[in-house]
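Here are a few notes to read alongside the model, for someone opening it for the first time. Have the viewer ready and go through the points in order.

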Amino acid sequence: MNFTVEPIDATFGVMVTDLDASTLDDDSFAQLYALWLDHALLVLPQQHLTREQQIAFAGRFGPAESGIFDISTVRPDGDLRREEIEEDASFLNMLRGNYDWHADGSYGPALAKGAVYSAQVVPKQGGETGWADMRAAHDALDDELRARVETLAARHSIQRGQARRGLVHDERNIELGPEFNPLRSLVRRHPETGRKSLMMGRHAYSVPEMTDTESRIFLDGLVEFACRPPRVYFHDWQPGDVVVWDNRSLLHCVKPWDMREPRVMWHAGISGSPESDSILSMDQVPA
Ligand SMILES: [Fe+2]
C-alpha cells in the first residue's frame, strides 16, 4: 500500500493516513478504490480539500451528481438559517429528516453510488455522522429471516421519510415524478463485489404483502437490528476531515445538533446507475 491503513472498530470502514487525496497517482487511487469496495467507508482525516479538489477526488470514484451540495445551517450569504424564514425552515427540516438512517437516493430512480463528504465547520456538540453496514446486517440475520427478506420488497418515498418526523417535504426543491416511488428489493447484490446487503431505512414504508402498520413494524425492526454495534461507526468530525462512503453497502444518519450553531459540510455525490440498481417497479402507488 502507498499509504497507511488502520481498522475501525466495526464490521466495516478503515482510517487512511499518509496520503494526500488531491495528488494521488493512478496506482495509489486503484489501491484506494479496492479498499473502498472492500470496507465500504474510508475515513481520511485532515485533508483540507478545496471545493475543486473534492469534486475532482469524487470524480475518480464515478460520475458526479452535481458538484458540491452544501449541507449547512449557514446560508450562502453567510448568515445562519432561521426558522422564521420559510425557505430556511424548509432546508433545516430537510436536515432534520437525516437524523434517521437512510441511503441517498433510495426514493428515486437510481440509488447513489456513494459520496465524498467533508467537514468545514462543526458544532460544539452533536452532528456526528453515523454509518451502518448492511452487508454484515444481512449476514447476521437468522436463517429463517434471511430467507424471508430475500423474497420481500418495499416502496421508498422522500415524503414518507420526512413524515416519520412530522416534517413536510418541500416539493419546490425537487420536482418529483412517478419514478420517485420505486419498489426496491430488501436484499440487493452489490454490482461490483457481488456481496448481498439489506436495503431499507427511513424512505422505505410499504411492503406489498403487508398492511401499512405491519410494514412499519417489520421495517423498523430490521433497521433496529441492523444499525447497532458492531455494525455502526459514528465519526466525530474535525474541520478538514474527509470520508468516502459506498451508498450501496451502508446506511447513514446524523446525530442531532443545535441548529442555531453553524455546521457546514460539503457533499459531493457520486451517481449510481439505474442499470445496476435492483428496482423492481417504479409504478406510482396512489397516496
Ligand atoms: Fe444522506
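1. Let's start in a loop: His48 sits between S3 and H2. (Helices, H or I of at least four residues, and strands, E of at least two, are DSSP runs numbered from the N terminus.) Phi of His48 is near 50°, a positive value in a residue other than glycine. His48 is partly exposed, with 14 other C-beta atoms within 10 Å. For burial, C-beta atoms are placed from the backbone and the others within 10 Å of a residue's own are counted: 20 or more is buried, 12 or fewer exposed, and in between partly exposed.

2. A word on what you're looking at. This is a predicted model, in which local features need pLDDT of at least 70 and side-chain atom pairs count only at pLDDT 80 or more, while totals for chains, interfaces and linings use all residues. Residue numbers run from 1 along each chain as its sequence is written.

3. Ala40 makes a nice partner to His48. Its phi is near 75°, again positive in a residue other than glycine, and Ala40 belongs to the loop between H1 and S3. Is Ala40 buried or exposed? Ala40 is buried, with 28 other C-beta atoms within 10 Å. As background, most residues other than glycine have a negative phi, and most peptide bonds are trans.

4. That brings up the other backbone oddity: the peptide bond between Pro229 and Pro230 is cis, with omega about 5°. Look for Pro230 in the loop between H7 and strand S12 (232–235).

5. Now zoom out. The chain has seven helices and 16 strands. Its radius of gyration is 18 Å, which agrees with the value near 19 Å for a compact globule of 287 residues (taken over C-alpha atoms; the rule is 2.2 Å times the number of residues to the power 0.38). Of the 287 residues, 38% count as buried.

6. One open sheet has seven strands in the order S1-S2-S3-S13-S5-S15-S4, with mixed pairing (two strands pair if DSSP finds at least two bridges between them). Strands S1 (4–7) and S4 (64–72) are at the edges with a single partner strand each, so one side of each has no neighbour in the sheet. Inside the sheet, S3 (residues 41–44) and S13 (residues 242–246) run antiparallel, joined by four bridges. Leu42 has Val244 as its bridge partner in S13.

7. Two helices lie across this sheet's strands. Helix H1 (residues 26–39) crosses S1, strand S2 (14–17), S3 and S13, at about 125° to S3. Helix H2 (residues 51–59) lies across S4, strand S5 (114–121) and strand S15 (264–270), at about 135° to S4. (Axes are lines fitted to C-alpha atoms, for helices over the stretch in contact, and angles run from 0 to 180 degrees between N-to-C directions; contact means C-beta atoms, placed from the backbone, within 7 Å.)

8. Which residues of H7 are buried? They are Leu219, Leu222, Val223 and Ala226. Seen down the axis of H7, these fall within an arc of 95°, so they line one face of the helix (the arc is that of the directions from the helix axis to the C-beta atoms). The face turned away from them carries exposed residues, among them Thr213, Ile217 and Glu224. The buried residues of H7 pack against S6 (129–133), H4 (134–140), S7 (153–156), S10 (196–198) and S11 (204–206).
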